Amino acid sequence: METSYFFRKATMRICGNLDIEVALRSTLLFLRDYIPLDRIFLQYYDQNYRAMHTIAMATANECKKMDSLTPLSKQAQGSADLKELPFGKDVVIITNPYEQPISREMLLFHNVPCSSLMVMLLQSEGQLLGALVFIAEKEVYTPQHEGLVAILKEPFVIAMSNERR
């Protein structure tokens, strides 16, 4: 697969619709040809409420814009500020999502099965805008999946920035 082709086609889906939930679904349908992917969440940590704010969600069969706050335990709040992720990485694979406080609480709150997930941090000019969460219900993500998704960071940052305005 040619990387520039993948990037162009994915970017057209990410930025090709002003309705973020429709763009997420279109992107999910495209990415499923390259990585295991059952669901995508777009969210950010709301420090005022100490909760995760989910903006949009997409699966192969549905997409919806959301305005959902997930209350987090003190333990999950500690990792919600994303300081625990390796510096310099934009995408992190979590192979045991029910062992991590924040992913466990989010998955249980939304009643979503998951065997593996990837989190992409969306940062612009040093400011954390939010995160994109890729969920595989039965398969496990690999470093190759992580690398493929990582090249889409900039288009996702633009989409998140536009949505948060």
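**Helix 5, the sheet and the cores**

Helix 5 has an exposed face, turned away from its buried side, and this face carries P143 and Q144. The structure is a predicted model. Buried residues of helix 5, which spans residues 143-150, are H145, E146, L148 and V149. These four lie on the same side of helix 5, because they cover an arc of only 165° around the axis. A general rule of helices fits here. An α-helix has 3.6 residues a turn, so residues three or four places apart point the same way.

Confidence was examined next. The mean pLDDT of the protein is 89, and 93% of the residues score at least 70. Among the elements, helix 2 has the highest mean pLDDT, 96. Helix 3 (residues 74-80) has the lowest, 81.

Six strands make up an open sheet. Their order is 3-2-1-6-5-4, and the pairing is antiparallel. Strand 3 (63-71) and strand 4 (91-94) are the edge strands, each pairing on one side only. On average, neighbouring strands of this sheet are turned by 25° against each other, direction ignored. Four bridges join strand 4 to strand 5 (residues 116-124) in the antiparallel sense. V91 has M120 of strand 5 as its bridge partner.

Helix 4 (residues 101-110) packs on the sheet. It touches strands 1, 2, 3, 4, 5 and 6, and its direction makes about 120° with that of strand 3. Helix 2 (residues 20-31) lies across strand 1, strand 2 (51-58), strand 3 and strand 6 (127-136). Helix 2 runs at about 65° to strand 2.

Strand 1 covers residues 39-46 and includes R39. Is R39 buried or exposed? R39 has a relative accessible area of 16%. Buried means under 20%, so R39 is buried. Leaving aside neighbours within four places in sequence, the contacts of R39 include L28, M57, V112, F134 and E137.

The largest nonpolar core holds 33 residues. Within this core, L132, F134 and F156 touch the most other members. Contributors of at least two residues each include helix 1 (3-14), strand 5, helix 5 and helix 6 (153-164). Helix 2 gives the most to this core, with five residues. L132 is in contact with L24, I40, F41, L42, M118, V119, M120, L122 and F156, its neighbours within four places in sequence left aside. A second core is separate and has 13 residues, among them I94, L107, L117 and A131.

Definitions and conventions
Residues are numbered from 1 along each chain as its sequence is written. This is a predicted model: local features need pLDDT of at least 70, side-chain atom pairs count only at pLDDT 80 or more; totals for chains, interfaces and linings use all residues. Side-chain values use heavy atoms; hydrogens and water are left out. Buried means under 20% relative accessible area, exposed over 50%, partly exposed in between (1.4 Å probe, protein chains only). The arc is that of the directions from the helix axis to the C-beta atoms. Contact means heavy atoms within 4.5 Å. Two strands pair if DSSP finds at least two bridges between them. Axes are lines fitted to C-alpha atoms, for helices over the stretch in contact, and angles run from 0 to 180 degrees between N-to-C directions. pLDDT is the predictor's confidence in each residue, from 0 to 100. A nonpolar core is a set of buried Ala, Val, Leu, Ile, Met, Phe, Trp, Tyr and Cys residues joined through side-chain atoms within 4.5 Å.
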